[in-house]
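Look at the chain below from one end to the other before reading on. The paragraphs that follow go from the overall fold to single residues.

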Amino acid sequence: MTAGPAGPEENKGQPGLVSAALSGLCPRCGARTLFEGPAQLADECSACGLDILALERGGRFVGVVTMLLALALILAALGVDEWLRPPLWASFLFWAPVTIASVIGTLRFYKTMWVYHQYEESQQP
Ligand SMILES: [Zn+2]
């Protein structure tokens, strides 16, 4: 084992996936066209015409992931309730945005991963 001057650069997998999910980048041309709503995929890329709707097909279990996440958040909310016993309005004020942000964030990331995976599959010969 030899120690090179630079660190190992083997993690060349998909470094851009997080930023792609955050910005909604098209897997083909990199334009910010992947999402038309906060967690709603566009039908197709308005820059290069990539058929995103066709790539999304098969990703229907996204709903299950969302439900599991919502359930986990509700359980977490109940746990905090037991522990701190905050007033109801405080709970609501805290958990409503947290839940919405988590669900949207998870959906975005999950859908982006799915579309990118499907796109790579479709590029295979
Ligand atoms: Zn595109």
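pLDDT is the predictor's confidence in each residue, on a scale from 0 to 100. For this chain the mean pLDDT is 81, and 84% of the residues reach 70 or more. Over residues 1-13 the pLDDT is below 50, and beyond near neighbours in sequence this stretch has zero contacts in the model; two residues are in contact if their C-beta atoms, placed from the backbone, lie within 7 Å. The model is a predicted one, in which local features need pLDDT of at least 70 and side-chain atom pairs count only at pLDDT 80 or more, while totals for chains, interfaces and linings use all residues. Residues are numbered from 1 along each chain as its sequence is written.

The chain has four helices and zero strands. Helices (H or I, at least four residues) and strands (E, at least two) are DSSP runs, numbered from the N terminus. Along the sequence the pattern reads α-α-α-α. Confidence is lowest in helix 3, with a mean of 82, and highest in helix 2, with 89.

Next comes burial. A residue is buried if 20 or more other C-beta atoms lie within 10 Å of its own, exposed if 12 or fewer, and partly exposed in between, with C-beta atoms placed from the backbone. Of the 125 residues in the chain, 14% count as buried. Among contacts between residues at least 6 apart in sequence, 52% join residues at least 24 apart.

Which residues make up the largest nonpolar core? A nonpolar core is a set of buried Ala, Val, Leu, Ile, Met, Phe, Trp, Tyr and Cys residues joined through C-beta atoms within 7 Å. The largest one has 11 residues: Ala 20, Ala 21, Leu 25, Cys 26, Leu 34, Leu 41, Cys 45, Leu 50, Ile 52, Leu 55 and Val 115. Helix 1 (17-23) and helix 2 (52-56) each supply at least two residues of this core. Cys 45, one of the core residues, touches Cys 26, Arg 28, Cys 29, Ala 31, Thr 33, Leu 50 and Ile 52, leaving out residues up to four places away in sequence.

Ser 19 lies in helix 1. Ser 19 counts as exposed because 11 other C-beta atoms lie within 10 Å. Its C-alpha atom is 9.5 Å from that of Phe 109, although the two residues are 90 apart in sequence. Asp 51 sits in the loop between helix 1 and helix 2. Is Asp 51 buried or exposed? Asp 51 has 12 C-beta neighbours inside 10 Å, so it counts as exposed. From Asp 51 to Tyr 119 the distance is 9.8 Å, C-alpha to C-alpha, with their places 68 residues apart in sequence.

Further along, Arg 85 is found in the loop between helix 3 (62-84) and helix 4 (88-123). Most residues other than glycine have a negative phi. Arg 85 is not a glycine, yet its phi is positive, at about 50 degrees. With 8 C-beta neighbours inside 10 Å, Arg 85 counts as exposed.

The last helix can be checked for length. The expected span of a helix is 1.5 Å times one less than its number of residues. Helix 4 has 36 residues, so it should span 52 Å, and its end C-alpha atoms are indeed 52 Å apart. The buried residues of helix 4 are Leu 107, Arg 108, Lys 111, Thr 112 and Val 115. An α-helix has 3.6 residues a turn, so residues three or four places apart point the same way.

Two further residues of helix 4 show what it meets. Val 103 is in helix 4 and counts as partly exposed, with 18 C-beta neighbours inside 10 Å. Not counting residues up to four places away in sequence, Val 103 touches Thr 66, Leu 69 and Ala 70. Ile 104 is also in helix 4 and is partly exposed, with 15 other C-beta atoms within 10 Å. Beyond its neighbours within four places in sequence, Ile 104 is in contact with Pro 38 and Ala 39. The C-alpha atoms of Ile 104 and Ala 39 are 5.5 Å apart, while the residues are 65 apart along the chain.
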